[in-house]
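Visitor: Could you walk me through this one before I start working with it? I'd like to jump around a bit.

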Amino acid sequence: MIRRYLKYKQEKSTPGVGLSDLIDIYRKLGPEGLYRAAGAAGFEEKKPDESNESEKEEVHVSARGSSTSALPDTGLKQTPVFDNTSAPVLFWRVTQKEKKKRTGAVDRVPDWYRKAGILTPERTRIKKEEVFLPPFEPLIRWERLWPFLKKILGRRLDTGDLDIPKAVDAASRLKPLTQISFEKKQGWAGSCLVVFDYSPQMVPFRKDFYILHRGISKLRGKTGYHGVIVADSPLCKVRMIGGKSQKAYFPIPLPGTPVLILSGLGLLSDQGHIQKAWKMLGRRFKRQGIRPVVLTPASPEFWDGDHRKYFSMVFWDKHTRLSGNHYASGSPGLQPSGQQIREKVKRLVSLMAPCLGVSAGLMRRICSLVPEENFHACVQALAWNCKEYVSADAMSCLVRADAVPAVREYFDDLKPSLKLEMFELAKAAHARECPSVRFAENYIWEELLGREDTATRFFLNDIIKSLDHPDAVGQDSIRAYLNGLVNRMLKWEIRDDQVFAAWIKLHCKDLETEQVELPDKLDISSFDWLLEKNKMQVLELGQQGENLVISLPDQGSHRPGGLSLGPSPLSRIRTRMGQVKVVFEDKEKAISLPLDFKSGRTPFLSLKGQKRMVLESDWDLIRLEALEKPDWAFGMGRDKTGLFVDIKQENKSRRAYYLAPEKFDAASLLGKEPRVYTPSSKTSYGIEKGFFWDKAEFLSFLKNGFSRPEWAEAVGMDEFGLWADIVCKDIRQKMRWIFPGAFLMGSPEDEPEREKREHQHEVVVTRGFWLADTACTQALWQAVMKDNPSNFKGGDLPVDNVSWEDCQSFLERINGLVPGFNFGLPIEAQWEYACRAGTQTPFSFGRTVSTDQANFDGNYPYAGGAKGEFRKTTIPVKALPCNDWGLYQMHGNVFEWCQDWHGDYDLEHPVDPVGPDTGVYRVLRGGSWGYFAGGLRSACRVRGWPSSRNNDIGFRLAQGHL
């Protein structure tokens, strides 16, 4: 016996497995185990009577144990599947997978967690509602500001009218009138320069800049008005307002030109070179004979002698009296009171601390609530740019969580009424923010105010439950959001069950290794219900010989006897309880399989003698069955990718892999294509019934998900599945992706009104294809063909009165319009498969059909049913309900041409059938507006001359393996 099984040659065997391993296996497992292990390791039995290796044939063994010679010229390298006719190895597949219905929740789980739902993307989006936002409060109101601007940027102009008072005064004093005097009035200078400082320190005042710029442009006009934006230093390149890019250095205007500078002159910055740059600019202005007016949020305490020497300084604050020469003297400035300024900044930061983002407008409204503090513009600017406590960008600033303990003292001392007013201000300012920001901020405020809002609580509860939940999407975003929120709440000493539960879910892995310090007042024993349920494991199921193997992802498994071999994948199962229940349906018994991976050994279960079984965890239910080679396949086996069949078609062979039932989330299903988007109504798609899928498509799907076709304008997913839009000359047509599968084509003998040529037989579709969700519209036909042959006119009506040959002309033309277009007519089998949409009833809607579901002659109902409406015309392609796969009016309205010649079904080739090679008639399917109800059945076959036209014949686009 040993000599017989040593006659193996090793071609593509498992690395590291030699003949010595086979001898060891034989000693431990016997002849049967040796045969199977050798096959799994890649050994091939050498027949004793072979004299010439080059003439031997490759052996492919089916699940029944029968062998066939390799087909000539197939181009397919056979993978031997070793078995024994006396003890055949059956191939297992998953036939059903569903989330297990949980009964009897743990009593210790609190009600708020048990009742919480799973967060959906729709709930986190901003709703477009009419919300009143408080108006922006400028530093100085415009009615006070514009006279000042006119004085600074203007000059005295002659009116052309005599100065009568001056002439009368000279005459009354008997003085001769030596020259004629004219009246003068204040007007705008012919040219002026306004400088806007857009450095980071001036971010809180950019809205004021915009108001001032818009006001000046409106009052004096744009002629002669020159605006300059300084992004950092005025000595670097600046951008002229209206210019496309920063191309010029700072322009020095002609003498006498009024100049207004809106800037902090670097006084609010800790970068000394910025202050020096502004002073150098002041000296250049002075050499030109110009003394600019500076409107600055930096208070007089920060000015020095050089600033007063080169500029006319004006403090930009609502309490400033604007006179045009305010603080313009050259006397030395006051020394800044650093401690007082720092205390004011800290108090203002304390008032902003509960908010998750403070805009310049909100900060000013907060300041207006405490007028006694005199939080002037300088304090606001310093608070915004206070790097010790605050993180800021161009839109808002945020008090960091780690700074809350240092600044919260002043906020805690405020009166409750004042805190409530601040909360209402923040709530109004953030009314248009996304719910995640609004509810998080409301949660903090309500805890600080001792209040509770039901909507806020519900939202936060749902987020906490969604973290690490298998049905929730966007886990990285949820984790980052909760981490920031919980950290901020703990700094505010907000410690309730929700905060602690979120903290535990965020740090569950660290808790297992004891690498994290618990927050104060957290009793970890009170949350053991959460720790139990947080240990979710996702385990791999695979078949290895006659064993079912359960392993951790990417973990090698160990076959009995010590030979390390990888299992062929079946599915995945989720569990939190560390065990899986196995129910053998044939023998009506069940066992519990413990899952202990710490020993380094992989749990396995013998499948010998079994036909069907169910795996149950605390989370999933998976039904498996043993499968023998189908009659339509010439080979069957398993490899590292999974279960496969080999199919022979037209003297060629190809391979198809089994895709087990599974639920895919949108991100994994749609892949990484940047132009893919997913509607909020659907975030996952479930494949309820497994199918064999062509190898190329299957491997591409496993690697990349679902990729956007070249011809698609956009793709996505909704409640019906995957879709793609094509756009041809501004006409949009939605295509539906039809996954492969198997179905019974034709009708059973007891189906009412059936015909003999509807012989029922199994058809296997192994290649997915695209199918238009509607019949071709007249709008699309008109856009492509420049004519409209239809009897019934209307852009959204189906095109009618077209022959099969007309359709070929249309397809040839549309395929040439856009790169990647390769459309055709569906094969008859594809059409019926899509029409049924997983059903086996006469109609996709059920056992009968009404005129509310399809457009047909209601005077002739199906199987003696009630009569309905007879419309006597076609109707818009989406006027009636679609089937379960999102396809409209597969029953009725217009007949639809198929690609096939009409003929008897080819019962010997049920895999991806394409109809006869030749014929007289082409296939028509679906029935029409003038047809009887029985002719609308999914199985009903009609034929027509390729040149036939009628006002009830149209077609539907398809793309794929046609």
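What follows is a conversation about rings, helices, burial and a few backbone details.

Visitor: Before the details, how many helices and strands does the protein have?
Guide: Bear in mind that this is a predicted model; in it the protein has 24 helices and 41 strands. Of the 962 residues in the protein, 50% are buried.

Visitor: And what share of the contacts comes from residues 24 or more positions apart?
Guide: Taking the contacts with a separation of 6 or more, residues that are 24 or more positions apart account for 68% of them.

Visitor: Let's do aromatics. How many aromatic pairs are there?
Guide: The structure holds 34 aromatic pairs. One of them joins W781 and F810, and this pair is stacked because the ring centres are 5.0 Å apart and the planes meet at 5°.

Visitor: Where do W781 and F810 sit along the chain?
Guide: W781 belongs to helix α22 (residues 778-785) and F810 to helix α23 (residues 804-815), so the pair links distant parts of the chain, 29 residues apart.

Visitor: Are W781 and F810 buried or exposed?
Guide: W781 is buried, with a relative accessible area of 3%, and F810 is buried too, with a value of 0%.

Visitor: What about F870 and W929, how are those rings arranged?
Guide: F870 and W929 also form a stacked aromatic pair, with 6.5 Å from centre to centre and 15° between the planes. F870 lies in the loop between α24 (828-836) and β37 (895-901), while W929 lies in the loop between β38 (922-925) and β39 (942-944), so the pair ties together parts that are 59 residues apart in sequence.

Visitor: Which burial class does each of F870 and W929 fall into?
Guide: F870 has a relative accessibility of 26% and counts as partly exposed, whereas W929, at 11%, counts as buried because the limit for that class is under 20%.

Visitor: Which residues do ring pairs link into a cluster?
Guide: The cluster consists of F691, W693, F701, W711, W737, F739, W770, F821 and F823, which are linked by ring pairs.

Visitor: Which charged ends sit over rings?
Guide: There are two examples to look at: the charged end of K465 sits over the ring of Y113, 5.6 Å from its centre, and the charged end of K734 sits over the ring of W723, at 3.8 Å from the ring centre.

Visitor: Switching to cysteines, how many disulfides are there?
Guide: The structure holds zero disulfides. As for individual cysteines, C236 counts as partly exposed at 41% relative accessibility, and C882 counts as buried at 17%.

Visitor: Now helix packing. At what angle do α13 and α14 pack?
Guide: Helix α13 (residues 416-429) and helix α14 (residues 435-449) pack at an angle of about 170°, with their axes 11 Å apart. The two helices are therefore roughly antiparallel to each other, given that angles over 145 degrees are classed that way.

Visitor: Which residues make that contact?
Guide: From α13 the contact is made by P416, K419, L420, M422, F423, A426 and K427, and from α14 by E441, N442, W445, E446 and L449.

Visitor: How many residues of helix α11 are buried?
Guide: In helix α11 (residues 377-384), eight of the eight residues are buried, so the helix is largely enclosed by the rest of the structure. Among the buried residues of α11 are C378, Q380 and W384.

Visitor: Where is Q498, and what does Q498 touch?
Guide: Q498 is in helix α17 (residues 497-506) and is buried, with a relative accessible area of 10%. Leaving aside residues up to four places away in sequence, Q498 touches W112, Y443, R457, N461 and I464.

Visitor: Last topic, backbone. Which residues have a positive phi although they are not glycine?
Guide: Two to check are D730, with a phi of about 70°, and K872, with a phi of about 65°. D730 is found in the loop between β31 (721-728) and β32 (731-738), and K872 lies in the loop between α24 and β37.

Visitor: Are D730 and K872 buried or exposed?
Guide: D730 is exposed, with a relative accessible area of 75%, and K872 also counts as exposed, at 55% relative accessibility.

Terms used: Residues are numbered from 1 along each chain as its sequence is written. This is a predicted model: local features need pLDDT of at least 70, side-chain atom pairs count only at pLDDT 80 or more; totals for chains, interfaces and linings use all residues. Side-chain values use heavy atoms; hydrogens and water are left out. Rings of Phe, Tyr and Trp (its six-membered ring) pair if their centres lie within 6.5 Å; planes under 30 degrees apart count as stacked, over 60 as edge-to-face and the rest as tilted. Helices (H or I, at least four residues) and strands (E, at least two) are DSSP runs, numbered from the N terminus. Buried means under 20% relative accessible area, exposed over 50%, partly exposed in between (1.4 Å probe, protein chains only). A charge sits over a ring if NZ of Lys or CZ of Arg is within 6 Å of the ring centre and within 35 degrees of the ring normal. A disulfide is a pair of cysteine sulfur atoms within 2.5 Å. Axes are lines fitted to C-alpha atoms, for helices over the stretch in contact, and angles run from 0 to 180 degrees between N-to-C directions. Angles under 35 degrees count as roughly parallel, over 145 as roughly antiparallel, 65 to 115 as roughly perpendicular and the rest as oblique. Contact means heavy atoms within 4.5 Å.
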